[in-house]
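This report describes selected features of a predicted model. The sequence and structure are shown first, followed by remarks on individual parts.

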Amino acid sequence: MNQQNNTILVIDDSLTNVVLLQAVLNNKGYSIDTALNVKEAYELMTKRMPKLILLDLLMPKINGFEFLEKLKSDKKYNNIPVVVVSALTDEDTISKVYKMGAVNYIKKPVDLNYLLEVVKEYLTD
């Protein structure tokens with residue numbers, strides 16, 4: 001598996017969550033880019049196209065819903081699978097992000113074994 005092929009972009013405004021996900025995924029050999037906000041995420045994506053995005057919903061300024069909507073309407077990025085990782089657990093929110101194009105929904109606190117299964121599903125060619 002080459003580096004370009006397994007880059008995961010983690011977008012979460014919580015440094016604790018970012019560090020945790022980065023450590024767990026790095027440990028499994030994935031290449032991780034991290035962004036604490038949507039603006040940072042877009043800057044990173046112009047430098048290195050991620051194969052998968054792990055997206056938090058509750059963030060200041062531009063939230064995960066807005067990012068997902070913008071991403072899915074952009075031909076350059078709309079094929080990147082997005083897995084939402086959020087503390088929001090109500091059915092309306094979960095249903096909404098699936099309708100918006102998310103491929104999976106992981107509730108916080110994150111079950112790391114489940115997260116790894118989901119990541120593997122999208123990063124296995």
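## A buried strand residue

Val82 has a relative accessible area of 0% and is therefore buried, the limit for that class being under 20%. This residue belongs to strand S4.

Leaving aside residues up to four places away in sequence, Val82 is in contact with Ile53, Leu55, Leu68, Leu71, Lys72, Ala102, Val103 and Asn104. Between Val82 and Met59 there are 16 Å from C-alpha to C-alpha, at a sequence separation of 23 residues.

## The parallel sheet

The model contains an open sheet of 5 strands, ordered S2-S1-S3-S4-S5, with parallel pairing. At its edges are strand S2 (31–35) and strand S5 (104–107), each of which pairs on one side only. On average, neighbouring strands of this sheet are turned by 20° against each other, direction ignored.

Strand S4, comprising residues 82–86, pairs with S5 in the parallel sense over 4 bridges. Within this pairing, Val83 has Asn104 of S5 as its bridge partner. Asn104 also appears among the contacts of Val82.

## Helices on the sheet

Helix H1 (residues 15–27) packs on the sheet, where it touches strand S1 (7–11), S2 and strand S3 (52–55). The direction of H1 makes about 170° with that of S2.

Helix H5 (residues 112–123) likewise packs on the sheet and touches S1, S3, S4 and S5. The direction of H5 makes about 160° with that of S5.

## Aromatic pairs

Across the whole structure, a search finds 2 aromatic pairs. In one of them, the rings of Tyr42 and Tyr77 have centres 6.0 Å apart and planes at 70°, so the arrangement is edge-to-face. Because Tyr42 lies in helix H2 (residues 38–47) and Tyr77 in the loop between helix H3 (64–72) and S4, this pair ties together parts that are 35 residues apart in sequence. Tyr42 and Tyr77 are both buried. Ring pairs link these two tyrosines and Phe67 into a cluster.

## Lysines over rings

Tyr42 has a further partner in Lys70, which lies over the face of the tyrosine at 4.6 Å from the ring centre. An arrangement of this kind also involves Phe65: the charged end of Lys96 sits over the ring of Phe65, 4.2 Å from its centre.

Note on methods:
Residues numbered from 1 in each chain as written. Predicted model: local features only at pLDDT ≥ 70, side-chain atom pairs only at ≥ 80, totals over all residues. Heavy atoms only, no water. Pairing = 2+ DSSP bridges. Helix = DSSP H or I, 4+ residues; strand = E, 2+ residues; numbered from the N terminus. Axes fitted to C-alpha atoms, helices over the stretch in contact; angles between N-to-C directions. Contact = heavy atoms within 4.5 Å. Buried < 20%, exposed > 50% of the residue type's maximum accessible area, 1.4 Å probe, protein only. Phe/Tyr/Trp six-rings, centres within 6.5 Å; stacked < 30°, edge-to-face > 60°. Lys NZ or Arg CZ within 6 Å of the ring centre and 35° of its normal.
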